[in-house]
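Student: Could we go through this structure together? I would like to begin with the surface and then turn to the interface.

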Amino acid sequence: MGAYILRRLLQLIPVVVMSSVLVFLLLHLVPGDPAETVAGPDATPDVVAAVRHKMGLDQPLAVQYGRWLGNIARGDLGTSYISHLPVIDLVGYAFPATLQLTLAALVLALVISLPLGVLASLKQASKLDLVVQGYTALGLGVPNFWLGILLILVFALFLGLLPPGGRIDPTQNLAIGLKTLILPAVTLGIQISAVFTRFVRTAMLEVLHEDYVRTARAKGLPERVVVVRHALRSALVPVVTVVGLQFGRLLGGAVVVESVFAWPGVGRLIIQAVEQRDYTVVQAGLLGLVAVFLLINLMTDIMYAFLDPRIRLGAGMG
Amino acid sequence: MGLGVPAVSGAQAVRKGGILRYAHGADVLNFDPAQLPAGNYAMLWTLYDTLIRFDPKYKATPQLAESWEFADGGKRLRMKLRKGVTFHSGRDFTAADVVFTLQRYQDKEVGAQFRTMSLYIKEAKAEDKHTVSFFMEKPNAAILDFFDSMFIVDKEAINDAKTKGVGTGPFRLVRWIPGDRVIWEKNKTYWKEGKPYIDGIEMLAIPDPSALAINIESGAVHIAERMPPTDLKRLQGNPTLDIIVGGIGNIWNVVLFNVKRPPFDNPKVRAAVDLAIDRQRFAQIYHAGFSKPACLPYPEFSPGYFADQASRCEFNLDKAKKLLNEAGISSLDVTMTIPSSDYSPGSDVLAQVMNADLKKIGINVKIETLAMAVARQKIVYAKDFQMAGHLYGRANKDPVTMFAGTTPFLTSCELNNTGYCSERFKKLVDEAAATLEPEKRKAIFREINELLLAEKFALPIAPNFLGFVKRKNVHGFAASLDGYGILEETWLA
């Protein structure tokens with residue numbers, strides 16, 4: 001297992017380097033640059049050119065890429081063209097915020113979806129199943145921003161129980177930090193729980209008709225043991241894949257919820273940096289997302305082995 | 001909140017102390033006052049001071065400059081600076097900082113947004129520690145406009161200007177969490193005695209307009225800046241809130257024609273489109289009635305404004321159709337290029353409003369919406385468009401300032417992005433700049449207006465504004481002429 005993880009980690013390096021080339025090229029091929037942002041809408045071309053020169057953006061792309069990669073190799077992500085803050089500080093503040101939100105939403109989604117999915121599969125075509133399916137349809141159909149605003153209206157404006165937005169670092173004030181987390185996490189979590197519930201239900205329905213489940217029942221095992229130990233464990237394999245994918249998607253894709261709740265996450269950071277053409281921030285942010293996404297994939301693969309002993313990491317997946 | 005000892009300001013008893021929670025729809029991008037992205041508006045007069053400041057009626061009032069006088073027939077401006085003012089760094093503010101700040105605005109590599117205006121000044125000299133003279137090649141009646149926008153920086157702290165801005169303003173920067181909030185504390189040595197009243201500010205970035213509205217409605221914040229007009233309208237009836245419309249006319253919605261290309265090289269076609277724009281409808285839909293449509297490119301308090309000329313455009317589809325026929329055109333396909341709404345708010349609505357009416361006179365409009373950088377390249381630099389919907393700025397002060405710095409109205413043939421080129425236009429604007437007598441200037445502005453109304457290379461539609469909403473318990477808050485929040489006299493009841 002250790003050798004497998006090491007090999008997979010080494011394999012990440014060329015993927016990250018390839019991603020860096022793509023991110024760099026795509027960003028520089030898009031019209032506009034930070035010099036235009038700094039100089040403003042009415043700047044004459046000679047002023048924009050002077051600002052561009054000062055920023056070093058008039059140098060050949062290969063030179064700029066080499067310089068950027070060299071700096072990264074030395075652990076220096078550079079400085080934002082717009083704010084002049086070290087990129088490591090910007091990314092270092094935004095990533096934990098997004099991770100906190102994403103993890104909270106995923107935990108909530110799993111807490112909702114596992115029992116709902118299992119119950120719906122056990123009571124297939126019952127009223128309960130219909131209610132669960134209705135919940136998943138609603139969860140998938142309701143836009144995030146709408147649900148977010150609705151929750152703010154109810155819990156912040158009408159009931160005054162929770163803050164309408166902003167993030168307080170829980171390490172600074174745990175109680176207020178958790179309060180600021182509840183509404184955005186619920187907004188994200190409800191939508192994801194709808195996806196997970198459907199997957200759990202479908203996977204369980206397939207597994208419940210397998211021979212080994214029938215055998216377990218025939219052996220007289222209690223229903224709870226049959227469902228939890230035999231059926232659910234196997235059904236979780238495809239669910240873990242979806243959890244991994246959702247985790248990766250949410251890291252950069254929670255931007256709508258981040259905007260509604262003024263949550264200073266990585267999605268908002270990157271979107272704003274793209275608007276300003278703040279190359280160094282976008283590049284570092286996207287590379288960070290690629291790296292985290294690859295790590296999540298690796299963790300997902302490792303989870304498979306725990307859930308299904310037939311999967312041998314070293315042999316089948318290397 | 002720890003409210004302090006009551007003081008007296010005007011007729012109302014002022015309560016000192018407390019932390020003001022100020023939310024704005026755009027994030028502070030840095031603390032360099034030479035750059036003016038939307039999110040930086042709130043920090044300008046919080047952190048910095050200017051030499052003079054215009055009041056809402058466009059009257060110059062002393063700030064760091066106590067007094068000023070013109071000499072040498074208007075070619076020299078001498079300012080007496082306030083003594084005993086210190087930067088947040090503890091350094092004394094002197095004339096050398098003023099000279100340095102000006103030179104910084106003039107430096108191409110800084111990319112200052114008001115650089116064009118700063119170039120009116122050929123040289124600045126510190127006569128002594130608290131006297132500075134500005135020398136111009138020729139008189140410029142609009143020169144004070146620049147000093148309302150030149151925020152004085154500490155010349156010895158300039159390397160950190162973007163991240164740690166050091167000014168003389170009423171509040172000092174304590175902490176900046178990009179994308180989240182800026183924490184300010186009261187400048188205890190502020191030169192305006194007894195001010196600011198509040199102990200500090202928490203400035204929050206809330207980009208979602210609905211969330212911004214809920215934050216102010218719920219009382220989570222005291223002031224909300226950059227509230228969209230439709231939300232302003234809705235909140236107008238809320239008894240716990242006050243609506244403040246600031247910066248009216250600083251930015252305008254405009255329709256531009258490329259006068260170098262068919263069909264808009266024909267003045268009759270431009271005039272026909274002008275007649276087919278329902279400005280009133282646009283102002284109602286987009287500005288929710290907070291802004292009035294306009295035919296002249298400046299607001300009512302501008303020296304260039306004349307009521308009779310300002311009402312000289314109309315919405316008349318019959319006349320428009322007739323003009324098109326006179327131009328020998330029965331139907332026409334044109335492309336209207338607009339930047340995305342985050343960069344050019346309202347242009348999308350304007351294009352939709354125009355599209356419906358132009359169809360009625362035989363003009364089919366294809367709306368081309370472009371991202372900010374692409375739009376800027378196409379509309380501003382390459383002049384690669386037929387008709388465009390966009391914004392222009394700096395229209396709320398002297399018209400000369402606008403003609404010097406706003407691309408569709410530039411007198412330079414090379415730089416005007418509509419391609420309009422007229423010796424007469426340039427001569428008139430130069431004359432308006434060099435003439436100091438108000439009455440003579442009025443006559444020149446009337447003539448310029450006639451030219452604009454006749455040539456129609458850029459059609460002003462309606463002035464934009466910055467919508468603020470404050471809680472009733474917030475007093476003394478004001479928006480500057482440009483729409484920047486002024487918090488030095490703000491207090492919480």
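Tutor: A definition comes before the surface: helices are DSSP runs of H or I with at least four residues, numbered from the N terminus. Please keep in mind that this is a predicted model.

Student: Then which helix gives the largest share of the nonpolar patch?

Tutor: Helix α1 of chain A, residues 2–29, gives the largest share, with seven residues. Leu10(A) is one of the residues in the patch, and its place is in helix α1 of chain A.

Student: Which residues form the whole patch, and how much accessible area do they have together?

Tutor: The patch consists of Leu6(A), Leu10(A), Ile13(A), Val17(A), Val21(A), Leu25(A), Leu29(A) and Leu61(A). Together these residues have about 690 Å² of accessible area.

Student: How many helices and strands does chain A have?

Tutor: Chain A has 14 helices and zero strands. Its C-alpha trace spans about 80 × 55 × 35 Å along the principal axes.

Student: Now the interface. How many residues does each chain bring to the contact?

Tutor: Chain A brings 44 residues to the contact, and chain B brings 44 residues.

Student: What area do the two chains bury between them?

Tutor: Chain A and chain B bury about 3,600 Å² between them, and 60% of this lies on carbon and sulfur atoms. On the side of chain B, Glu109(B), Ile214(B) and Tyr381(B) supply 17% of the area buried against chain A, more than any other three residues.

Student: Why give an area at all?

Tutor: The size of an interface is often given as the accessible area lost when the parts come together.

Student: How many salt bridges and polar contacts cross the interface?

Tutor: Two salt bridges are found across the interface of chain B and chain A. One of them joins the side chains of Arg376(B) and Glu36(A), at 3.6 Å from N to O. Seven residue pairs are in polar contact across the interface, with both residues at pLDDT 80 or more.

Student: Which elements of chain B give two or more residues to the side that touches chain A?

Tutor: They are α5 (161–164), β10 (171–177), α6 (209–218) and α13 (372–381) of chain B. The largest share, seven residues, comes from α13(B). By residue class, the side of chain B that touches chain A divides into 18 nonpolar, 13 polar and 13 charged residues.

Student: A change of topic: which peptide bonds in chain B should I look at for cis geometry?

Tutor: The bond from Lys195(B) to Pro196(B) is cis, with omega near 0 degrees. Pro196(B) is in the loop between β11 (181–186) and β12 (200–205) of chain B. The bond from Pro262(B) to Pro263(B) is also cis, with omega near 0 degrees, and Pro263(B) is in the loop between β15 (251–257) and α8 (267–275) of chain B.

Student: And what is phi of Ala288(B)?

Tutor: Phi of Ala288(B) is near 50 degrees, a positive value in a residue other than glycine. Ala288(B) lies in the loop between α9 and α10 of chain B.

Student: Where is Glu300(B), and what does Glu300(B) contact?

Tutor: Glu300(B) is in the loop between α9 (279–287) and α10 (307–310) of chain B. Leaving aside neighbours within four places in sequence, Glu300(B) is in contact with Lys292(B) and Tyr305(B). The side chains of Glu300(B) and Lys292(B) are joined by a polar contact of 3.0 Å.

Methods:
Residues numbered from 1 in each chain as written. Chains lettered and ligands numbered in written order. Predicted model: local features only at pLDDT ≥ 70, side-chain atom pairs only at ≥ 80, totals over all residues. Heavy atoms only, no water. Contact = heavy atoms within 4.5 Å. Buried area = accessible area lost by both parts, 1.4 Å probe. Salt bridge = Lys/Arg side-chain N within 4 Å of Asp/Glu carboxyl O. Polar contact = N/O pair within 3.5 Å; in protein donor to acceptor, adjacent residues only side chain to side chain. Nonpolar A, V, L, I, M, F, W, Y, C, P; charged D, E, K, R; others polar. Patch = residues over 30% accessible without salt bridge, like charges linked within 9 Å, V, L, I, M, F, W, Y side chains within 5 Å. Areas by Shrake-Rupley, 256 points an atom, 1.4 Å probe, with all protein chains shown as cover.
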